[in-house]
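Subject: Structure handover

Hello,

Here is the structure for your files. My notes on it follow below.

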Amino acid sequence: MSDRQLDFVQSNSEKIPVVADCDVVVVGAGPAGHSAAVSAARNGCSVTLLERYHHLGGMASGGMVLVLDDMVNEGNEIVTTGVVDEFVERLEKLDAAVYPPREDCQTNWEMWQKWSRWGCIDFHKAMMPQPIIHAVAFDPDAWKRVSLDMVKDAGVNLRTHSWFSDVLMEGGKITGVISQTKLGRQAIRAKMVIDGTGDLDVGVAAGADYTDGQFIVTTVFRLCDVDTDKAEAFEYSNPEEYKKLDRQARRAIGGAWGMWWLKTPLPGIVWCNCPHMPGYDGLSVEDMVTAEFEGRERMMNLLAFARENIPGFENARMLGAAEQMGIRQTRLLQGEYVVSKNDVTSRRYFEDTVCRGRDYYTPYRSLLPKGIDNLIVAGRHYSVDSDAQKMSREIPPCMSQGEAAGVAVSLALQGDIALRDVDHKAIQKQMRAQGADPGDAPSPNALIESPVAAE
């Protein structure tokens, strides 16, 4: 981690105007925070949603992570459901989502050639061809539109262009937040607060325990004017030559997943989830500036190589980089329960599971900080160790966390009880009622011989 401490200056005291007084304030309108806000509002709460950017969707839109995955258990059992299903349905109506029908979810070369370039593969499998599974390629601008429609329909009070600044506290109880805007600092009073920042900004300001983590960062980008049919035909008819060029392309970009380009719902536009750049602190201004320069240099190197050497990319042009840097890990909550790598890899079932991802279960306790009332988290910064987070941070499971957090705050308010006293069975029941799988019924491959019971 970089050294973040500098000289200090003293600022004058100020009067901060209160711009909202509500049941719940959600900080961060990424996939987790957005889902939390919609879920809480649909369960009867007055909700204010704060977002620093002009758009909603976080890494799914501004971050341009354009495949929804990590939604299936072994055998393509779809286990991450609820708000994410609604997103897919709404995106489909806009012709902005592509995914394989169930009959195409097979393991053979025919289906591989049909679906692999959409990212609908089980990338956890080392075998070739990898199985085709339920995953969804989508368009980022459509995600923004769907996000706006959903908060409007739910009656959420949306405040974009509002950067989280500080918390309001009374003893060990959080009573709201302060945001920074062009008009100065503004206060939002709330009975419950959901931290959907991805970096635990609210939790840290409130004094929550956390640990620092670090993983690769990425400047995701898209290319246009790509003849994807020609590129795929070359890849499949000349596999050895393509593999050689692909290795050279990876060197040009300096690090990428198994497939550095994927198709999108927009014809001729491909998504490049690269370059991968290790060693950067996602909280450091200096590191992020350096990563911006490095990432753009690498992506232009790749574009030049692809235009010169890869059939189908001869006329490719840079459509643009993502508005948000792809940060995978920074601060991680150390809450009521810390999910371990062994919990994830062993598929450990928890009695208080309230949401789930691919072959893993997320206990309610891992969303709760210790010693702070009225605060719950949802997203990649939940209570988890660094290695476990790298396997449990994808967008759909984070959306399920948000949906569960929205249910939890509504139950706490209805019962006039602390969040830690909310019955996890009540959360599970309401999640089911909303069409979400809370993980209360473990799959056959779950570790249930020694479940970790809720305290």
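How many Å apart are the mean positions of the positive and negative charges of the protein? For the 47 positive and 64 negative charges, the separation is 2 Å. Lys and Arg count as positive, Asp and Glu as negative, with His and the chain ends not counted; each charge is placed at NZ of Lys, CZ of Arg, CG of Asp or CD of Glu.

This is a predicted model: local features need pLDDT of at least 70 and side-chain atom pairs count only at pLDDT 80 or more, while totals for chains, interfaces and linings use all residues. Residues are numbered from 1 along each chain as its sequence is written, and side-chain values use heavy atoms, leaving out hydrogens and water.

On overall form, the radius of gyration, taken over C-alpha atoms, is 22 Å, which agrees with the value near 23 Å for a compact globule of 455 residues. The globule rule is 2.2 Å times the number of residues to the power 0.38. The C-alpha trace spans about 65 × 55 × 40 Å along its principal axes.

Buried residues (under 20% relative accessible area, 1.4 Å probe, protein chains only) make up 58% of the 455.

The largest nonpolar core (buried Ala, Val, Leu, Ile, Met, Phe, Trp, Tyr and Cys joined through side-chain atoms within 4.5 Å) has 106 residues, and Tyr364 and Ile376 touch the most other members. Its largest share, nine residues, comes from helix α11, residues 395-415 (helices are DSSP runs of H or I, at least four residues, numbered from the N terminus). A second, separate core of 23 residues includes Leu245 and Cys274.

Regards

Notes. Buried < 20%, exposed > 50% of the residue type's maximum accessible area, 1.4 Å probe, protein only. Helix = DSSP H or I, 4+ residues; strand = E, 2+ residues; numbered from the N terminus.
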